[in-house]
Amino acid sequence: MKLDAKIPQGPLEDKWSNYKKTAKLVNPANRKKLDVIVIGTGLAGSSISASLGEMGYNIKTFCFQDSPRRAHSVAAQGGVNAAKNYKNDGDSIYRMFVDTLKGGDFRAREANVYRLAECSTNLIDQAVAQGVPFGREYGGYLNNRSFGGVQVSRTFYARGQTGQQLLLGAYQALMRQVEKKTVQLFTYHEMLDLVLVDGKAKGVIVRNLETGEIERYAANAVILATGGFGKIYYLSTLAMGCNGSAIWRAHKKGAYFASPSWTQIHPTSLPQSGDYQSKLTLMSESLRNDGRIWVPLKENETRIANDIPEEERDYYLERRYPAFGNLAPRDISSRAAKERIDAGFGIGALKNAVYLDFSKAIREQGKDKIKEKYGNLFTMYQKITGIDAYKEPMMISPAAHFSMGGLWVDYELMTTIPGLFALGEANFADHGANRLGANSLLQASVDGYFIAPYTIANYLAGELKTEKVSTTHPEFDIAELETKKKLEELLNIKGNKTVDYFHKKLGKLLYDYCGLARTKEGLEFAIVEINKLRKEFYEQVNVTGKTDSINSELEKAGRVADYFEIGVLMCYDALTRNESCGTHFREEYQTEDGEAKRNDEEYQFISAWEWPGNIDTRPILHKEELTFEYLKPTIRSYK
């Protein structure tokens, strides 16, 4: 299959306008005849469901939580970007386009990135109209702060609860449509398979997590807004329920999977404190506006932070990246922390962390000012660690976070399966090889509010003339039978090891060999070991309970089974790309001073992988060549 990104003609700043001018429309009377399934109720899922419901389509929306409010979008703390230039510091749509493309190490489409920046200006007005309580200056104007990888203040925030507040706005819009009966909401339902009819996405197979019943639903189009798969590392900043199963099941039905090895390691997580942990806690990147990151100059330092004098501290980000300092991008900041930790300068009981210090900011601005900006984050830190960060530095460490990789989509956000769309973190579209902070909430929101309503309508206009598919179609029978067979297979293994045992081992393999740093030998080793672990899983895992009732172990087992296959693809993707870019740092390809070394001549493309039919066959690579007409790729330097 030839990959067609469907990028509109015209100058960069006119492409999205040109698309909207020529996109096909569906008149209001006909919208009532069309059904759309949405999987996921985070910012992307709730916003597209509310938007399409408001337009008059019939929407069925599914989430595995008890409420859309529990979607992982709530966990995003620090802010959402928009090129409003409220600080009059030189920001613009073009500046945001440059920062985002550069931040992703020139491994994203120009057209998509520019559209993200262009749509950002509308989002803030939309959110304010919904009642999102953004931070404001004394005079009432919306306030901004800065995030990593930029030199302007474009991040709008609601203290450390920005994701939660934005999601509440989208949730209210969604529930308004539920009340109007344009949207049917199904909680406690998990998608287990995608149904294709004549090569088009026409429905899903889901499991009712309260009853265990397998259900089938048909529609004219399917939208996946199921987030990222960073939980594959087991210890990550993601909630325990986050997974990659929906997009992986779609991949196995023909949707190409793009850039799976580009998984972001966030620099400001709380460090692991023991083997008992099942997740790590994220501390907002916004803290790096006022916090200074350092390690002791002395190896294996035993003194507490406050006893180490200023001249014996290494503010390594300020030293290595003076132009950006503590606001260097996430991938660079995480690697720099790992380098210091591996060199013996880590702090904490396990020597696996660095300091994030607010003493200078408190002296200069006062405790009350810092509390006003970050108070809930300091409270959260104290509840978890018992440490008062107003009196001594926080301890932070890199942790698995955001998936830049996801289903390949074109400019319309449609996958290689006609009628199947992927929004937000479920697709690969906007961030290249590294996401800049505060662009996650932005992408999820603009995909759902401002982009997909146009592009999905353009597709649905052509579906009015096609025969409507019902759940009695034989393809639904086949998909449901395969789904039940998979569930029974997992229950019948009757081994003696838990699902978590395998997940932990897989996560450690990936973090060690396909994490912050990779090598050819390590990736080849990881592929072999993951396949061994997968084989052991199907021989030794013990999944208790039955299929016809609540069974959280069965849910986990299905997700981990998918993770084995995703993990192998991640390693193949990293092995294929003989360069370092963004979050993909191959140790063989670095500059003399330890920075990532890109190879634009050979690797200026998006890797889109096709499922080969079974896990024992090497996946099939397709390349979407990237062309830069408006911004020539340069050496990515923050020094």
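A polar contact here is a pair of N or O atoms within 3.5 Å, where one must be able to donate a hydrogen and the other to accept it. With that in hand, here are some notes on this predicted model.

1. **Glu110 and its polar contact.** The side chain of Glu110 has a polar atom 2.9 Å from the backbone nitrogen of Leu631. Glu110 belongs to helix α5, which covers residues 110-130. This residue is buried and yet has no salt bridge. The nearest side chain of opposite charge is that of Lys15, 7.4 Å away; a salt bridge needs the nitrogen within 4 Å of a carboxyl oxygen.

2. **What surrounds Glu110?** Leaving aside residues up to four places away in sequence, Glu110 touches Leu12, Phe97, Leu101, Thr627, Phe628, Glu629, Tyr630 and Leu631. Phe97 and Leu101, two of these contacts, are also among the buried residues of helix α4.

3. **Helix α4.** This helix spans residues 93-103, and its buried residues are Met96, Phe97, Asp99, Thr100, Leu101, Lys102 and Gly103. The buried residues of α4 pack against β3 (80-81), α5 and α12 (440-460). After α4 comes Asp105, with a positive phi near 60 degrees, so you may like to look at that backbone yourself. Asp105 also takes part in a network of salt bridges with Arg107, Asp331, Arg335, Arg577, Glu579, Arg598, Asp600 and Arg636.

4. **The parallel sheet.** Five strands make an open sheet with parallel pairing, in the order β5-β2-β1-β9-β17. At its edges are β5 (183-186) and β17 (420-422), each of which pairs on one side only. Neighbouring strands of this sheet are turned by 20 degrees against each other on average, direction ignored.

5. **Inside that sheet.** Which residues of β1 lie on each of its two faces? Asp35, Ile37 and Ile39 are on one side, Val36 and Val38 are on the other, and all are buried. Because 5 of the 5 residues of β1 (residues 35-39) are buried, this strand is largely enclosed by the rest of the structure. Strand β1 runs parallel to β2 (residues 58-62), and 5 bridges join the two. Asp35 stands opposite Asn58 in β2. Towards the β17 edge, strand β9 (residues 221-224) is joined to β17 by 3 bridges, again in parallel, and Leu224 has Ala422 of β17 as its bridge partner.

6. **The antiparallel sheet.** A second open sheet has 3 strands in the order β6-β7-β8, with antiparallel pairing. Strands β6 (189-197) and β8 (214-218) each have a single partner strand, so one side of each is left without a neighbour in the sheet. The average turn between neighbouring strands here is 25 degrees, direction ignored. Strand β7 (residues 200-208) pairs with β8 over 5 bridges, and Gly203 has Ala218 in β8 as its bridge partner.

7. **Glu190 in the edge strand.** Is Glu190, in strand β6, buried or exposed? Glu190 is buried, with a relative accessible area of 7%. Its contacts, not counting residues up to four places away in sequence, are Phe64, Ile205, Val206, Arg207, Leu209, Asn243, Glu555 and Arg559. Between Glu190 and Ala246 the C-alpha to C-alpha distance is 8.5 Å, although they are 56 residues apart in sequence.

8. **A buried salt bridge.** The structure holds 55 salt bridges. One of interest joins Asp290 and Lys373, at 2.9 Å from N to O. Asp290 lies in the loop between β11 (263-269) and β12 (292-296) and Lys373 in helix α11 (residues 367-385), so this pair ties together parts that are 83 residues apart in sequence. Both Asp290 and Lys373 are buried.

9. **Two further salt bridges.** Asp66 and Arg70 form a salt bridge whose closest N and O atoms are 2.6 Å apart. Asp66 is partly exposed, with a relative accessible area of 33%, while Arg70 is exposed at 57%. In helix α15 (residues 520-540), Lys532 and Glu529 are 3 residues apart, about one turn of the helix. Their side chains meet in a salt bridge of 3.3 Å, N to O. Glu529 counts as partly exposed, at 22% relative accessibility.

Technical notes:
Residues are numbered from 1 along each chain as its sequence is written. This is a predicted model: local features need pLDDT of at least 70, side-chain atom pairs count only at pLDDT 80 or more; totals for chains, interfaces and linings use all residues. Side-chain values use heavy atoms; hydrogens and water are left out. Helices (H or I, at least four residues) and strands (E, at least two) are DSSP runs, numbered from the N terminus. Buried means under 20% relative accessible area, exposed over 50%, partly exposed in between (1.4 Å probe, protein chains only). Lys and Arg count as positive and Asp and Glu as negative; His and the chain ends are not counted. Contact means heavy atoms within 4.5 Å. Two strands pair if DSSP finds at least two bridges between them. Axes are lines fitted to C-alpha atoms, for helices over the stretch in contact, and angles run from 0 to 180 degrees between N-to-C directions.
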